[in-house]
Amino acid sequence: MTPLEICLLVSAGLFAVGLTAALTRSSAILVLLGIELMLNAANLNFIAFWRYGPERGGPEGLVFVLFAVAIAAAEAAVGLALVIAVYRHQRNIRVEEARRLKG
């Protein structure tokens with residue numbers, strides 16, 4: 001098994017865990033953690049293809065991962081701000097009860 005295949009298997013497992021966490025958990029914090037796991041799995045794929053891909057060249061893979069990490073940090077900040085706002089109104093962070101905030 002090549003290192004690229006190992007990285008892709010680890011990435012697929014990480015993505016599956018993140019997807020399971022995002023779809024099955026009722027806590028908004030755990031849903032955010034699941035989304036972060038899926039983003040990190042995508043970043044692992046970018047790094048693996050950059051490192052072990054057929055054309056090794058410039059730093060495009062690293063730049064794209066740094067850009068994705070910056071976007072993930074912004075997404076986490078916005079998500080946590082929403083969780084705090086929901087908690088201030090409802091005194092819990094369950095996703096099912098947050099649906100009542102709709103217009």
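These numbered points describe a predicted model, taking the pairing of two helices before a series of individual residues.

1. Helix α2 spans residues 28–52, and helix α3 spans residues 60–90. The axes of α2 and α3 come within 10 Å and cross at roughly 175°. An angle over 145 degrees counts as roughly antiparallel, and α2 and α3 are therefore roughly antiparallel to each other. For the reader who wishes to compare this pair with others, two packed helices are described by the angle between their axes and the distance between the axes.

2. On the α2 side of this contact stand A28, I29, L32, I35, E36, L39, N43, F46, I47 and W50, and these meet a set of α3 residues that includes G61, L62, F64, V65, A68 and V69. Further along the list for α3 come A72, E75, A76, G79, L80 and V83. By class, the residues of the contact of α2 with α3 divide into 17 nonpolar, 3 polar and 2 charged.

3. E36 deserves a careful look, given that it lies in helix α2 and takes part in the contact with α3. E36 is buried yet has no salt bridge, and the nearest side chain of opposite charge, that of R25, is 16 Å away. A salt bridge would need a side-chain nitrogen of Lys or Arg within 4 Å of a carboxyl oxygen of Asp or Glu, so R25 at 16 Å does not supply one for E36. With its neighbours within four places in sequence left aside, E36 is in contact with A72, E75 and A76; these three residues also appear on the α3 side of the contact between the helices.

4. W50, likewise in helix α2, is partly exposed, with a relative accessible area of 29%, and is listed among the α2 residues that meet α3. Beyond its neighbours within four places in sequence, W50 is in contact with R56, G58, P59, G61 and L62, and G61 and L62 belong to the α3 side of the helix contact. The C-alpha atoms of W50 and F67, which are 17 residues apart along the chain, are separated by 15 Å.

5. Two other residues of α2 may be read together, namely L30 and Y52. L30 counts as partly exposed at 33% relative accessibility, and, setting aside neighbours within four places in sequence, L30 is in contact with A21 and R25. L30 and I93 are 63 residues apart in sequence, and their C-alpha atoms are 10.0 Å apart in space. Y52 counts as partly exposed at 36% relative accessibility, and, with the same kind of neighbours set aside, Y52 is in contact with P3, L4 and C7. One of these, C7, is 45 residues from Y52 in sequence, with 9.5 Å between the two C-alpha atoms.

6. In helix α3, Y87 is partly exposed, with a relative accessible area of 39%. Apart from neighbours within four places in sequence, Y87 is in contact with N92 and I93. Y87 and G34 lie 53 residues apart in sequence and 19 Å apart in space, C-alpha to C-alpha.

7. The last point concerns the backbone at R91, which is placed in the loop between α3 and α4 (95–98). R91 has a positive phi of about 65° although it is not a glycine. As background, most residues other than glycine have a negative phi. R91 is also exposed, with a relative accessible area of 59%, and the assignment follows because exposed means over 50%.

Key:
Residues are numbered from 1 along each chain as its sequence is written. This is a predicted model: local features need pLDDT of at least 70, side-chain atom pairs count only at pLDDT 80 or more; totals for chains, interfaces and linings use all residues. Side-chain values use heavy atoms; hydrogens and water are left out. Helices (H or I, at least four residues) and strands (E, at least two) are DSSP runs, numbered from the N terminus. Buried means under 20% relative accessible area, exposed over 50%, partly exposed in between (1.4 Å probe, protein chains only). Lys and Arg count as positive and Asp and Glu as negative; His and the chain ends are not counted. Contact means heavy atoms within 4.5 Å. Axes are lines fitted to C-alpha atoms, for helices over the stretch in contact, and angles run from 0 to 180 degrees between N-to-C directions. Angles under 35 degrees count as roughly parallel, over 145 as roughly antiparallel, 65 to 115 as roughly perpendicular and the rest as oblique. Ala, Val, Leu, Ile, Met, Phe, Trp, Tyr, Cys and Pro count as nonpolar, Asp, Glu, Lys and Arg as charged, and the others, Gly among them, as polar.
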